[in-house]
Amino acid sequence: MANIKKQQVRGYILLESLLTMALLAVISTVVLVEVSRSRGTLARQNEKIAVLNLALMAFDSGESSLSQNGVAVKLEKTDKKLVVTHKAQEVVSLELLQEIP
C-alpha cells in the first residue's frame with residue numbers, strides 16, 4: 001500500500017513538472033514575440049527618422065536626391081510644393097508659402 005502511495009506522489013510530481021514546463025514555454029514564447037514586435041517597430045521608426053534627416057540634409061544642400069547609409073530620398077520641388085519620396089513612396093508633402101531659393 002505504501003509503494004502505491006509513493007508511485008502516485010511521483011506521478012503527481014511528474015505531472016506538475018510537465019505543466020510547469022509547458023506554462024514556462026508559453027510565457028517565454030509570448031515574451032519573445034513581444035520583444036520581436038517592439039524591435040520591428042523601433043527599426044521602422046529609426047528608418048523614418050533617417051529618411052527625414054536625410055531629406056533635411058538634401059534640402060539644406062540644394063540636392064534633388066541624396067543617399068546615405070542605405071537610405072535614399074528624392075526631393076521634388078515646385079513653386080508651391082515640396083515632396084519627399086523614399087522607395088517610390090511619398091513620405092512628406094509640404095505646401096510652401098514662399099518660393100524656394
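Let's start in the loop between E3 and E4, where lysine 87 is found. One thing to keep in mind as we go: this is a predicted model. The phi of lysine 87 is near 55°, which is a positive value in a residue other than glycine. Its neighbour in that loop is alanine 88, and here too phi is positive, near 60°, again in a residue other than glycine.

So, are these loop residues buried or exposed? Lysine 87 counts as exposed because its relative accessibility is 62%, above the cut-off of 50%. Alanine 88 has 81% relative accessibility, so alanine 88 is exposed as well.

Now step out of the loop into the strands on either side. E3 and E4 make a hairpin with 2 residues between the strands, and they pair in the antiparallel sense over 6 bridges. If you'd like one pair to click on, try lysine 81, which stands opposite glutamate 95 in E4. Strand E4 covers residues 89-95, and glutamine 89 is in it. Glutamine 89 is exposed, because its relative accessibility is 56%. Here is a distance for your viewer: from the C-alpha of glutamine 89 to the C-alpha of lysine 74 is 10.0 Å, with their positions 15 residues apart in sequence.

Let's move back along the chain to the other side of E3. Which strand does E3 join through 4 bridges? That would be E2, and the two run antiparallel. Their hairpin has 3 residues between the strands. Glutamate 76 has valine 83 in E3 as its bridge partner. And how covered is E3 itself? Mostly: 5 of its 6 residues are buried.

On to E1, residues 65-68, which is joined to E2 by 4 bridges, with the two strands antiparallel. Serine 65 stands opposite lysine 74 in E2, and that is the lysine we just used for the distance to glutamine 89. The E1 and E2 hairpin has 2 residues between its strands, and asparagine 69 there takes a positive phi near 55°. You may remember that lysine 87, in the hairpin of E3 and E4, also has a positive phi near 55°.

Now for the inside. As a general point, nonpolar side chains in soluble globular proteins tend to be buried together. In this model, the largest nonpolar core has 10 residues: Val51, Leu54, Ala55, Ala58, Val71, Val73, Leu75, Leu82, Val84 and Leu96. Which elements give two or more residues to this core? They are H1, strand E2 (71-77) and strand E3 (81-86). H1 gives the most, with 4 residues. For a close-up, pick valine 51: leaving aside residues up to four places away in sequence, valine 51 touches Val71, Val73, His86 and Val91.

Let me finish on the helix, with nonpolar residues on the surface. Leu23, Ile27, Val31 and Val35 form a nonpolar patch there, and together they have about 340 Å² of accessible area. Isoleucine 27 is in helix H1, which runs over residues 2-61. Why does isoleucine 27 count as partly exposed? Because its relative accessible area is 46%, and partly exposed lies between the 20% limit for buried and the 50% limit for exposed. So H1 gives 4 residues to the largest nonpolar core, and isoleucine 27, also in H1, belongs to the surface patch. Thanks, everyone, and I'm happy to take questions!

Definitions and conventions. Residues are numbered from 1 along each chain as its sequence is written. This is a predicted model: local features need pLDDT of at least 70, side-chain atom pairs count only at pLDDT 80 or more; totals for chains, interfaces and linings use all residues. Side-chain values use heavy atoms; hydrogens and water are left out. Patches are made of residues with over 30% relative accessible area and no salt bridge: like charges are joined within 9 Å, nonpolar side chains (Val, Leu, Ile, Met, Phe, Trp, Tyr) within 5 Å. Accessible areas come from the Shrake-Rupley method with a 1.4 Å probe; for residues, only the protein chains shown count as cover. A salt bridge is a side-chain nitrogen of Lys or Arg within 4 Å of a carboxyl oxygen of Asp or Glu. Buried means under 20% relative accessible area, exposed over 50%, partly exposed in between (1.4 Å probe, protein chains only). A nonpolar core is a set of buried Ala, Val, Leu, Ile, Met, Phe, Trp, Tyr and Cys residues joined through side-chain atoms within 4.5 Å. Contact means heavy atoms within 4.5 Å. Two strands pair if DSSP finds at least two bridges between them.
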